[in-house]
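Work through the exercises below with the structure open beside the text. Each task is followed by a solution in steps.

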Amino acid sequence: MRVPGALREAGLPRLLIAGFLALLLGVAVATRMDLRSLISDSITRVGRNGILVLALLPAVQGGLGLNFGLPLGIVCGLIGCVVSLNAGIHGPAGLLAASGIGLALSIPAGIGYGWLLNRTRGQEMMVGTYLGFAVVSMMSVFWLLAPFRNPTLVWAIGGRGLRTTLSLGGVFDKVLDRWLSFTVGGITIPSGTLILFAALTFLVWLFFRTRMGITIAAARSHPRFARAAGISDERTRIQASVLSTALGAVGIVVFSQSYGFVQLYTAPLLMAFPAIACILIGGATVTRATIGNVLVGTVLFQSILTVALPVTSQVIQGDISETARLIIQNGMILYALTRIGRT
Amino acid sequence: MLKGVSLAVRAGEIHALVGENGAGKSTLMNILFGMPVIQETGGYGGEVRLEGTPVRFQSPAEAMEAGLGMVHQEFMLLPGFRIAENIKLNREPARANLLSRVAGRGLRTIDVARMRGDSRRALDQVGLGIDEWLPVAGLPVGHMQFIEIAREVDKERLKLLIFDEPTAVLTETDAERLLHVMRGLAAKGHAILFITHRLDEVLAVADRITVLRDGEVVGTPDPRATTAARIAELMVGRPAAATAHRRPFAAGAEPVLTIEGLRVDMPGERVRDVTLRVASGEILGIGGLAGHGKLGIANGIMGLYPAAGRVSFEGKPLPLQDSRGALGRRLAFVSEDRRGVGLLPEESIELNIALSALEAQGRFLHPFPVPALRLLDHGAMRAHAQEMIRSLDIRCTGPSQQTRRLSGGNQQKVCVARAMTLEPKLLFVSEPTRGIDVGAKQRVLDSLAALNRERGVTLVVTSSELAELRALCDRVAIVYQGRVVAALPPDAPDAAFGLAMAGEPAAA
Amino acid sequence: MRALLRHSVPLLFGALCVFGVVVAEISPSFLLGEMMVRVGRNSLLILSLLIPILAGLGLNFGIVIGAMAGQIAAVLVVHWGVPGIGGFGLAWLLATPIAILFGIATGLLFNKAKGREMVSGLIAGYFANGLYQLLFLFAVGSIIPFHTESMLLPQGYGIRNTVDLSSIQYAVDDLVALRLPVQGINLRVPVVTYGVIAAVCFLTLFFFRTRLGQQLRAMGQDDHVAAIAGIPVERNRVLATVLSTVLASWGQLLFLQNIGTLNTYNSHEQVGMFAIAALLVSGATVSRATVGQALLGAILFHTLFVVSPLAGKALAGDAQIGEYFRVFVAYAVITVALVLHAWQSWASAREAARS
């Protein structure tokens, strides 16, 4: 059976996932659900998660594989949020402060991470995963002991340390989401977030057409060639790591403002996985990723996650969307892992 | 690829198989051992007979069962295991136990005493007296080679033992011992196939010799009646066919490139002590048998492999192990390793052509205060690529085509184009026509000649095809065992080349 | 001095444990009691990690899949209402073929992901967890008929979050009931459980003296050399994975019969992580582990596990810190082992390329 080239390129898992989404939407239409709120929520979630997925691009293009160590950048961003909240900075300024601090922390973190990855070549994904876990759980101890005093952040009675989730209500909750936001046909568009996402996406695209970006990508795809051309892949990999970690820090700040809460303690542990699944669903592999992968994948996966619960809850009791997420997300990553070396 | 190769090895005889890399020795070995790669690429025709019976092995295990043994170039030993464990790997003597009677023969317990006893005997046969229970890790290279032999010898059914470049990494004394052991094994009745580059060893032990070239048998000289030079000639080709290069070239007073005492640590192509002077505007050829170091020279100077020595370019010293520095001084290199170093197969032709110049000289970039963030000037890159495609006649669908879709010859032209984009003063080219079909070969050589003629670029061409060097170059230097033994004019007699390749510089 | 350096990891942990015990003023009898129980119920899980390590597959993060096989069997046995050692035996008989199937699937996966077995095992565990949830949360009671109402969720399908295993609790532990009075407390000594552990230890040691064990050891060093010697590398990798998965399923059953309750959706989640951390704490590495290290690791890790929250409370007034700390320790130990392993392989590959 001759399968048209485009379909074959897309690959079976991607087709299955797109098909699943189409099925869910079909059911939604057939049962006359409120499509507008579904679409609104999907768009919001795309904006919320987009930058975190974008953060994976420099790592793949730099030869570091899938950045399972994204929690490192996320933690930097979280520290930024907490510091900003503790100082009581409101509105867009609070957002900027959080991002700024997160960015500042992410640069040395990214350099250290890149240095470590350079010495653990071939096992970057595993090392990243567990380094991420270790850092998040170390931070859990830190959040408990930290010298933050702002009463809205710490446990009110008896206990010590920061609360598990910190509300952003009245501080910078949805600051970006609401900026320039408009409603069209009942669908609310969180323009601020989307604009920022688009802007960062554009900058990343542009970056990979600069000398530095081209060098990084060349070193990834052909280390020996790069050496002959005088490129040091030690340096380029660290640069890629810094970029990825920095975007992770900004990503979690944007995520938090969209979500309305800052989630501490064990929440960041597993945050890398959905982002990785997004970029893979969009068509990336362990060794190659494009902006298109980021966009397509985020839209597909986040839409499924948004739509699955409301649609299936009409029929099935219990949250099958969570189970579906586990299966789709990890199945996709597993699929990508078995196809290494077979681009 | 092999064409009509016939070979016979008798019991108790040492049969030497010689030939350049790519001549077909590995293919022949893969067929004999039933390696899967042969079936995967279409199988083979013809017959292999062991002791008169036709055989066709489907796997190395089958071949070994039938009595074939091989002592490899890279040691197939497990450093964490003891010598005896290595010798008996996957053939350990074992006793039945309760579990094995239930769950299968794989679970029989290993009989350590018998394992050690058999290993001791095998080690004694090859003259290695060390304790068979020592771990292999940390043993000297020579010992490891003998353990490999002991392993093969321990196989009772052994009929034919193949030695694949066994002395490549051995010291002279160890090599002597190995040849001695080889003679001993032959005397015991084993048939031995000895694959090597070392012609002196061939003459020392072989009973018969077969020379392979380009997949064909080109001669079976009698070791008692031939010389190393003659064998070398057979291996390398018929020099007389091509017309020798004819161009009046007068070397200038000052050489543009001076190399003194160059040592390069390139695995398989070690350079021990090379001294050369290259004149400005010259086309210098570097030839010699594979593994003797000719490829190491360019790789070392251009910083791809660790190197030491004194090199000066245009009168000023050139630091070694500095690729970027060399490129900065307007030296360029078209590597013999097209796929590994030469190309980015996933990227477009235009990016490939532009990349080295972009990295080393900052070309094809829009101006911008921060150098690292300068944007790619796509238009300039494309225009330049089109110019190159035209002048080198690169057959493609356009500058944005992925290079991996091009034929070998056109890929090579992209590599040359990339080097030319650097506008070098001196260009190293290694194996310019390797893997390229006959029609395209000449075009590549012509474009190199044109580069020299029209733009005055000094060329240093390294090649295993002596004929092409003699047709293109003003001088041809021959490298033997890491040293330059002769620098001959292209029209020197064939015998002179043959002798040089075999390590004996012609009498002055 | 060199011996001190080589055993630095377990020594460090030993010191940490002693420090914690002293600080939290833990009574020896309490500690002994806890240890006896914990080591008894966790050791088999840790032992299941040994074979893949020696076969060159690294740390088998996929043992959680074996644990799931055990849990499926446990649920069935309770559903059918078979009590005591009979019930446990039945569970064991059921879990084994399921675990073999799961092990074959995981092994085939490992063959497709050479060089990335550990990540693949980790993700495969998460993926299998999704399938497990699909089975237990949605299929059971709806597509698969299941009539034990007490085990189902209120909506009529899906197994409850906790399943009471008291019918088979202590089935193995108390098979030979022994109580040891220490400092006024009657400690339960699970004789048969330890007997099973000892048997598995001996079997493992014996296994590595057989030809098959030798084949696996060879593969663990260099599977190219092993292949050239005629060892069926692909088949053996699957075999090693199957053995590991089966042992993990038995290990989880032993664990469950001691705990007495099944947290349907959580019991198995951290199984892989804790077992691996425990093994590594003893000084074992990604490429080398012995039976002795498995047992030592069980003792050290679980001591720390017990001691940490108590020490946290004594030191900082908050047991929570201790809990986070012990999880951090587990993650950190694994991270360090992975980094060391990768660093060494990279460094030696660079050396080999140079020579």
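Two residues are in contact if their C-beta atoms, placed from the backbone, lie within 7 Å. The model is predicted.

**Exercise 1. A helix pair in chain C**

Task: Describe how α5 and α6 of chain C meet, and state which residues make the contact.

Solution.
Step 1. Locate the helices: α5(C) covers residues 63-79 and α6(C) covers residues 84-112.
Step 2. Compare the axes. They come within 8 Å and cross at roughly 145 degrees, and the crossing is right-handed.
Step 3. List the residues. From α5(C) come C:I65, C:G66, C:A69, C:G70, C:I72, C:A73, C:A74, C:L76 and C:V77. Their counterparts in α6(C) are C:G87, C:L90, C:A91, C:L94, C:A95, C:I98, C:A99, C:F102, C:G103 and C:T106.
Step 4. Sort them by class: 14 are nonpolar, five are polar and none is charged.

**Exercise 2. A second helix pair in chain C**

Task: Give the crossing angle and the handedness for α2 and α13 of chain C.

Solution.
Step 1. Take α2(C) as residues 8-24 and α13(C) as residues 291-316.
Step 2. Their axes cross at roughly 35 degrees and come within 8 Å.
Step 3. The crossing of α2(C) and α13(C) is left-handed.
Step 4. On the α2(C) side the contact includes C:F13, C:L16 and C:V21; on the α13(C) side it includes C:L300, C:L304 and C:V307.
Step 5. By class, the contact of α2(C) with α13(C) has 15 nonpolar residues, four polar ones and no charged ones.

**Exercise 3. Chain C as a whole**

Task: Decide whether chain C is as compact as a globular protein of its length, or less so.

Solution.
Step 1. Count the elements: chain C has 14 helices and four strands.
Step 2. Apply the globule rule. For 355 residues the rule gives 20 Å, and the radius of gyration of chain C is 21 Å, close to that value, so chain C is as compact as a globular protein of that length.
Step 3. Add the box: along the principal axes, the C-alpha atoms fill roughly 70 × 50 × 35 Å.
Step 4. Check burial: 52% of the residues of chain C count as buried.
Step 5. Look at the contacts in chain C between residues at least 6 apart in sequence. Of these, 74% join residues at least 24 apart.

**Exercise 4. A sheet in chain B**

Task: Find which strands stand at the edges of the six-stranded open sheet in chain B.

Solution.
Step 1. Note the composition of the chain: chain B holds 19 helices and 20 strands.
Step 2. Write the strand order of the sheet, which is β4-β7-β8-β1-β9-β10 with mixed pairing.
Step 3. Read off the ends. β4 (68-71) and β10 (216-219) of chain B each have a single partner strand, so one side of each is left without a neighbour in the sheet.
Step 4. Give the turn between neighbouring strands: 25 degrees on average, direction ignored.
Step 5. Examine one pair. β1(B), residues 14-19, and β8(B), residues 191-195, pair in the parallel sense over four bridges, and B:A16 stands opposite B:F194.
Step 6. Place the helix: α8(B), residues 172-187, packs on the sheet and touches β1, β7 and β8 of chain B. The direction of α8(B) makes about 150 degrees with that of β8(B).

**Exercise 5. Where the chains touch**

Task: For chain A and for chain B, name the element that gives the largest share of the side touching chain C.

Solution.
Step 1. Start with chain A: 34 of its residues are in contact with 39 residues of chain C.
Step 2. α7 (124-145) and α15 (320-337) of chain A each supply at least two residues of that side, and the largest share, 13 residues, comes from α7(A).
Step 3. The residues on this side of chain A comprise 19 nonpolar, 12 polar and three charged.
Step 4. Turn to chain B, where 17 residues are in contact with 14 residues of chain C.
Step 5. Here α3(B) gives the largest share, three residues. The classes are 11 nonpolar, four polar and two charged.

**Exercise 6. One residue in chain A**

Task: Is A:L280 buried or exposed?

Solution.
Step 1. Find A:L280 in helix α13 (residues 272-281) of chain A.
Step 2. A:L280 has 28 other C-beta atoms within 10 Å, so A:L280 is buried.
Step 3. Beyond its neighbours within four places in sequence, A:L280 is in contact with A:G297, A:M332, A:I333 and A:A336.

Conventions: Residues are numbered from 1 along each chain as its sequence is written. Chains are lettered from A and ligands numbered from 1 in the order in which they are written. This is a predicted model: local features need pLDDT of at least 70, side-chain atom pairs count only at pLDDT 80 or more; totals for chains, interfaces and linings use all residues. A residue is buried if 20 or more other C-beta atoms lie within 10 Å of its own, exposed if 12 or fewer, and partly exposed in between; C-beta atoms are placed from the backbone. Ala, Val, Leu, Ile, Met, Phe, Trp, Tyr, Cys and Pro count as nonpolar, Asp, Glu, Lys and Arg as charged, and the others, Gly among them, as polar. The radius of gyration is taken over C-alpha atoms; the globule rule is 2.2 Å times the number of residues to the power 0.38. Axes are lines fitted to C-alpha atoms, for helices over the stretch in contact, and angles run from 0 to 180 degrees between N-to-C directions. A crossing is left-handed if the near helix is turned anticlockwise from the far one by less than a right angle, and right-handed if clockwise. Two strands pair if DSSP finds at least two bridges between them.
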